[in-house]
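Here is a set of short questions and answers for a reader meeting this structure for the first time. Keep the sequence and the 3D view open as you go.

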Amino acid sequence: DRLPGEDYYVENQYRKDVNSNVSTLIKSEMKPEPRPSSENPEDVAAASKAKSALGVIEDDVAEKRLKTRKGLYLALYGNAFRYNGFEYDAKNGTEQIPRFKYEDVEIAGMDICPECGTTVETNEKTPVECPECGDVMELVSQADSMPTKVEDGFDERTRGRNISYITGPLEMYGRSKCAELAHQPYLFWVRRLDAATVKHFRTKADVSGSSVGSMSNGDSDLSQYYIDVLSTLAGGPIEDTYSSTGERYYSEVEYAMCWVRPESFKGDTELKRKFPEGVQFEICNGNYIKDTAKNLSMDKCWTHYTYLLNPYSFWGDGMVDALPMQDQINETGSLLTRHLRFSTLGKKIYDQEMITPAWLSNNPGEEWIPANRQLEKSIRDAVFEVNPTPLSGDVGAWMMNQHQAMRDMTKAYDPFSRGANTPYSADVFQAEQAAGQFLPTIEYNQHSVITSCYQVLDLFRDNVTEERTQKFKDNTGRWSYEKFTGADLANGSFDIYI
């Protein structure tokens, strides 16, 4: 706690360790790679197209940014969620989709000559003479008509692309006792968004109950008013959670995307029949948005990552253990600064009978000051100097112990602490040791990385109809281009490995 008027100097070692651990998590995460499920040429081709499609998807969703944000949420909150979807938006342009219809197409019959074996196509219902030997041919199949799918022009459609978001536990709601995402009966993604934005993408949403971000009604409690104020501060602690603009006086709504599994339908047979895999729907200010219910389970679009596992809990822990030590570092720094400011200067004691306090001045230009000489005292006794108090050497040792304890708890690796003369091999070895401390985190999240890869590729396969291009360097160092569509991924089978 800080007393009124007390100096408080912060050395944010916590932020430095967070950045260090985020870097370690990014470098330690393995890259998923599609591989053919068998030696069949169809599977090999599908795996090659999937690998190229994965590169295009990573460019579309800015994968490096997502990894950085995911590492930050893991270090700070212990949990990160990734949402994968497919979005049709006018900003992506338009594409031409072929339109088809069915027409009856005449199929010719066939006659065969029993004498010479000659076959001819014919629309006659009776046998004809063989053009080779003149014998009467036998009827094999009669002429008929069959409905056939033929092209009937093109339709213009808004082009879509893969989208992915990383969010933290402050926006997610689920059952804490369910240890895995696959066992969650429901999952809610709740955000505070601008009413105009929600109305643009969801025209049937009721935004009439929207509230102004930095203004609260008189009936609301003080805590909600505090949250509303914080949500309007650009770069504030909960700006991403409660506001998307950071500007004041924007009308905001509470927008929720909800996934519910069949086990939470409470025996409703109609819901189970209509949504056997679960239902996704959207809510705005507590009101259901019409025509947004989809037969989509959370397994097809969500993955969950944790930093430090908690037994019997869905939620993981972040670097919260280091906060008390950061508080001690701040307190020690504050006390040390106050000592340097006030205790390292000597004190001067003067006799008020010989020197009047009003005569004292720190102006070096005033060389003379008057003094009242006393008969029983010498003028030399008017001033007495007290030497400064030296700081104990244990303080420096205690501060070093604090920083070491901080690194022990955060498991952060500081490459700058080893100096410029440190051998490269020793530095690499220590970096590998630091990365090895995150092995439980990397191994636990590996399945989520693979699942997320399957999700984005399935979305690409089911939705992308226009031709996409991936550029890469071949064995000769030249640039090559591979063209593909979502249908190419469906022509074979592939698996994802790390």
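Q: Which strands each supply at least two residues of the lining of the second largest pocket?
A: This is a predicted model. The second largest pocket holds about 350 Å³ of space. Its lining includes Lys348, Tyr350, Val383 and Glu385. The strands that each supply at least two lining residues are β16 (347-350) and β17 (383-386).

Q: How many nonpolar, polar and charged residues are in the lining of the second largest pocket?
A: Among the residues that line this pocket are Ile355, Leu360, Ser361 and Asn362. Ile369, Ala371, Ile379 and Ala382 are also in the lining. By class, the count is 8 nonpolar, 2 polar and 2 charged.

Q: Which element gives the most to the lining of the largest pocket?
A: The largest pocket has a volume of about 1,500 Å³. Of its 48 lining residues, Tyr83, Ile163, Tyr165, Trp189 and Arg191 are the closest to its centre. Elements that give two or more residues include β2 (79-88), β8 (160-167), β10 (186-194) and α11. The top contributor, with 7 residues, is α11.

Q: How many charged residues are in the lining of the largest pocket?
A: The lining of the largest pocket has 20 nonpolar residues and 10 polar ones. The number of charged residues there is 18.

Q: Which residues that line the largest cavity are the closest to its centre?
A: The search of the whole structure finds 1 cavity of 30 Å³ or more. About 160 Å³ of space lies in the largest cavity. It has 15 lining residues, and the closest to its centre are Leu25, Glu29, Ile442, Asn445 and Val449.

Q: Which element supplies the largest share of the lining of the largest cavity?
A: Three helices, α1, α3 (63-77) and α11 (439-463), each supply at least two residues of this lining. By class, the lining has 8 nonpolar, 4 polar and 3 charged residues. The largest share is 5 residues, and it comes from α11.

Q: How far apart are the end C-alpha atoms of helix α1?
A: Helix α1 covers residues 13-28, which is 16 residues. At 1.5 Å a residue, the helix should span 22 Å. Its buried residues include Tyr14, Val18, Val22 and Leu25. The end C-alpha atoms agree with the expected span, as they are apart by 22 Å.

Q: Why do β5 and β6 each have one side without a neighbour in the sheet?
A: The open sheet has 3 strands in the order β5-β4-β6, with antiparallel pairing. β5 (119-122) and β6 (138-141) each have one side left without a neighbour because each stands at an edge, with a single partner strand.

Q: Which residue in β6 is the bridge partner of methionine 110?
A: β4 (residues 109-112) and β6 are antiparallel and joined by 3 bridges. Aspartate 111 has leucine 139 as its bridge partner in β6. For methionine 110, the partner in β6 is serine 141.

Q: Which residues of β4 point to one face and are buried?
A: Side chains alternate along β4. Met110 and Ile112 point to one face and are not buried. On the other face, the buried residues are Gly109 and Asp111.

Q: Which residue takes a positive phi in the hairpin of β4 and β5?
A: β4 and β5 pair in the antiparallel sense over 4 bridges. Methionine 110 stands opposite glutamate 121 in β5. Between the strands lie 6 residues, and the one with a positive phi, near 80 degrees, is glycine 117.

Key. Residues are numbered from 1 along each chain as its sequence is written. This is a predicted model: local features need pLDDT of at least 70, side-chain atom pairs count only at pLDDT 80 or more; totals for chains, interfaces and linings use all residues. Side-chain values use heavy atoms; hydrogens and water are left out. Two strands pair if DSSP finds at least two bridges between them. The expected span of a helix is 1.5 Å times one less than its number of residues. Buried means under 20% relative accessible area, exposed over 50%, partly exposed in between (1.4 Å probe, protein chains only). On a 1 Å grid over the protein atoms alone, a cavity is a set of points where a 1.4 Å probe fits but cannot get out, and a pocket is an open set with protein on both sides within 12 Å along at least five of seven lines; lining residues have an atom within 4 Å of a point. Grid points are joined across faces, edges and corners, and a volume is the space filled by probe spheres set on the points. Ala, Val, Leu, Ile, Met, Phe, Trp, Tyr, Cys and Pro count as nonpolar, Asp, Glu, Lys and Arg as charged, and the others, Gly among them, as polar.
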